[in-house]
Amino acid sequence: MKMSNLKTLLLILSLLLVPVVFSEPEAVQHLLRRLDSNRAPASLQEAAAQALLSRLLPTHVSSFVFKIVPMDVCHGHSCFILANYNLSSKHGPEIMIKGTTGVELASGLHWYLKYWCGAHISWDKTGGAQIASIPNPGSLPPVKDEGVMIQRPVPWNYYQNVVTSSYSFVWWDWERWEKETDWMALQGINLPLAFTGQEAIWQKVFMDFNISKKDLNDFFGGPAFLAWARMGNLHAWGGPLSQNWLDQQLRLQKQILSRMLELGMTPVLPSFSGNVPASLKKIRPSANITKLGDWNTVNGDPRWCCTYLLDPSDPLFVELGAAFIKQQIKEYGDVTDIYNCDTFNENSPPTTDPAYISSLGAAVYKAMSEGDKDAVWLMQGWLFYSDSAFWKPPQMKALLHSVPFGKMIVLDLFADSKPIWKTSSQFYGTPYVWCLLHNFGGNIEMYGILDAVSSGPVDARISNNSTMVGVGMCMEGIEHNPVVYELMSEMAFRSQKVKVQEWLKLYSHRRYGKAVHEVEAAWEILHQTIYNCTDGIADHNTDFIVKFPDWDPEPNHKSNTPKRNRMQMILDLDVKRRFLLQDSSSELPQAHLWYSTPEVINALKLFIDAGTNFSGSLTFRYDLVDLTRQALSKLANQVYTNAVIAFREKDVDACRYHGQKFVQLIKDIDMLLASDDNFLLGTWLESAKKLAVDPHERRQYEWNARTQVTMWYDNTKTNQSKLHDYANKFWSGLLESYYLPRASSYFNYLLKSLTENKKFKLEDWRREWILFSNNWQEGTGIYPVKAKGDALAISELLYQKYFS
């Protein structure tokens, strides 16, 4: 070989060995092209869309034709195209839906059913689908002759929070997951978190590092608490995990991933964040492993407190992280390049030194890339909000710039209320996803900021130097507030801001199957009240029925108001329904209230008046029950306050009156919730027990299910869990068997204090209540899984009783 040829060959080889460095936009486009090239074959995605149609509308399986098309057809974007197929056909296809992936095909189907057929599809537990308005096969409405193209303004529609798997998905089987993946595809979600079954992967990895099954029993949390064990907040609480659980969840994950891939989604898999079993410190004594501090235990009980973190700078971190990625690829195949890791979520680095933080970030990414050379790190941006005192601009830049351009995507997790992109120069050039957080703990509360949802993603995308690459929904729990999630899902396909009032009018038509003036007027009110929370407070349901105040109500001052006048004043407050809970000068407990309650009560009256128009409508029934519950719950907050005022004024009669009224409200709300299948405790408990294979598992799973929605974490005899009622639920069965005894006991102690002229015995009440709660958590009582009663009649009865 000539010397010149040898030099040329060496030059070519050297160029091939140099990593290609892309600018930020180029890097994102390169990632998109790589993911697109690895998608399932077009025929498989088309078949998946057809199968979804057969589950949703089996009567119309021949009415639609699905076809995958390249992005070139959509001018370089992801899109779907609706077109007429054969207008003269009475039995064959009528509508052609083209799309760049199976998700786009499903989204196109959903868009057509919504805006041409007046249909509505939500979670089953929020009323399900309204498809009665869809015309029969052969009579489907045509689209305009030239067809309709809907493009994505940003590539991704992300879904889930890292704790949704515990608050909502924990007891799901494949039948429920299949419905969820259908819903995801219909909503246009193409970047879902896929966290199920990871403990089975970790078991195999850790055992390769000489960690025993016994050690892992102390490491993994119980089924309902896995999210926090994964994050290193706790260990062993609710555990141990049986081999049956590990194997079953791994099989389920493979089914979930298979369906996601068939539909053209890009699943986001977990990666190593540094959380390790305690025994690794003994097995690898030279490793840089730190025992973390307490996370919300009442007394630092080592049985579940204080987990261990392997420092990312230790070589073992990369070794373990790469092993975990490789084991996932071995189990699932090469299904994704995007991995979630939140090493610093509620766990700040030991120093603010930017150089050190940068080295930590680089090590975290190296652990991913050693397992998957094309790995991209997806990180929740919650830390930049929750720990803003630590994450100043130098520290944020150090972490965000610690990996190559295009190798990190940040979730602006709370963008609907506290957007970080605005204060961080677009995350300092890092691609990010504009996310709706909206819900904490899976609480049931009508709440939202529809105007922010309809405009926030657009403002972010068109802002100067925008690095926004997606929208997302990151709620802690699902199956509530369907209006919020339908609008948020549409923002994945909308390049312009939505006129919310006009949209709501169409939404109510679709959701209930017909237009009724009273309902339209009610939704106008709800838009400006319940769904217009602009106070900046993250909504975590603190209504006193479900999050009863644990405090000593003894007054710090005396009143000069005569007893007879005080009682009349309190009764007058009741009649006028003057809810005073937002008086910031008050030392009394305050529940979150951001709207005019009389206006919402007017909306409820409109719903009730329209009720006879919607006989048999499950969507209307759900919203009616939820709205009635909301109004009564806010009333109960004021009744509680009145009871405490009466106690402080030493008015026994008034205290008894309001205490009894509060208890009666719990009974009445329980009766209301029992009239709809979607507000039942029994469903949650039975789904947990259904996964068990023996009596021991059955008791363990039921304890997990009961504990998560009540005490949540550990307690002593006189100290409730610091997280008690975090995951509170308005469920029939839970109100009467749990919240009602708690309130009754408390008010009995108030009255006893007054009648005996003694101090309120807070510790005695706590001891009695905590014992009751712990016994309830251990209980095995059966609760209904089927609704009873006429929801409209009950709502009307309660309206007349409390508001007329």
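Two strands pair if DSSP finds at least two bridges between them. Helices (H or I, at least four residues) and strands (E, at least two) are DSSP runs, numbered from the N terminus. This is a predicted model: local features need pLDDT of at least 70, side-chain atom pairs count only at pLDDT 80 or more, and totals for chains, interfaces and linings use all residues. Residues are numbered from 1 along each chain as its sequence is written, and side-chain values use heavy atoms, without hydrogens and water.

**Exercise 1. Place strand β15 among its neighbours.**

Task: Find which residue of β15 stands opposite Gln380, then trace the pairing of β15 with β14 and β16.

Solution.
1. Gln380 faces Leu411 of β15.
2. β14 (residues 376-380) and β15 run parallel and are joined by four bridges.
3. β15 and β16 (residues 432-436) also run parallel, with three bridges between them.
4. On the β16 side, Val410 has Tyr432 as its bridge partner.

**Exercise 2. Decide how enclosed β15 is.**

Task: Determine which side chains of β15 point which way, and whether they are buried or exposed.

Solution.
1. Fix the cut-offs: buried means under 20% relative accessible area, exposed over 50%, partly exposed in between (1.4 Å probe, protein chains only).
2. Recall the general rule: in a regular strand the side chains alternate between the two faces of the sheet.
3. Met408, Val410 and Asp412 point one way; Ile409 and Leu411 point the other way.
4. Both groups are buried.
5. Five of the five residues of β15 (residues 408-412) are buried, so the strand is largely enclosed by the rest of the structure.

**Exercise 3. Read the order of a three-strand sheet.**

Task: Work out why β10 and β11 each have one side without a neighbour in the sheet.

Solution.
1. The open sheet has the order β10-β12-β11, and its pairing is antiparallel.
2. β10 (275-276) and β11 (289-291) are at the edges with a single partner strand each, so one side of each lacks a neighbour in the sheet.
3. Three bridges hold the antiparallel pair of β11 and β12 (residues 308-310).
4. Within that pair, Thr290 has Leu309 of β12 as its bridge partner.

**Exercise 4. Characterise the largest cavity and the largest pocket.**

Task: Give the volume of the largest cavity and of the largest pocket, then describe each lining.

Solution.
1. Set up the search. On a 1 Å grid over the protein atoms alone, a cavity is a set of points where a 1.4 Å probe fits but cannot get out; a pocket is an open set with protein on both sides within 12 Å along at least five of seven lines; lining residues have an atom within 4 Å of a point. Grid points are joined across faces, edges and corners, and a volume is the space filled by probe spheres set on the points.
2. The structure has 10 cavities of 30 Å³ or more. The volume of the largest is about 150 Å³.
3. Its lining has 17 residues, with Ser165, Val170, Thr196, Arg230 and Gln249 nearest the centre. Helix α10 gives the largest share, three residues.
4. Sort by class. Ala, Val, Leu, Ile, Met, Phe, Trp, Tyr, Cys and Pro count as nonpolar, Asp, Glu, Lys and Arg as charged, and the others, Gly among them, as polar. The cavity lining has nine nonpolar, six polar and two charged residues.
5. The largest pocket holds about 1,000 Å³ of space. Its lining counts 35 residues; Lys125, Arg176, Glu479, Thr683 and Ser687 are closest to its centre.
6. α6 (174-186), α23 (618-648) and α25 (681-690) each give two or more residues to the pocket lining. The largest share, five residues, is from α25.
7. By class, the pocket lining has 13 nonpolar, nine polar and 13 charged residues.

**Exercise 5. Compare three salt bridges.**

Task: Locate the partners of Arg152, Lys634 and Glu702.

Solution.
1. A salt bridge is a side-chain nitrogen of Lys or Arg within 4 Å of a carboxyl oxygen of Asp or Glu. The whole structure contains 40.
2. Arg152 meets Glu104 at 2.5 Å, N to O. Arg152 is in the loop between β6 (148-151) and β7 (156-159), Glu104 in helix α4 (residues 102-115), 48 residues apart.
3. Arg152 is buried at 2% relative accessible area, and Glu104 is buried at 1%.
4. Lys634 meets Glu445 at 3.3 Å, N to O. Lys634 is in helix α23 and Glu445 in the loop between β16 and α17 (450-462), so the pair ties together parts 189 residues apart in sequence.
5. Glu702 and Arg706 form a salt bridge, with their closest N and O atoms 2.9 Å apart. Both lie in helix α26 (residues 695-708), four residues apart, about one turn of the helix.
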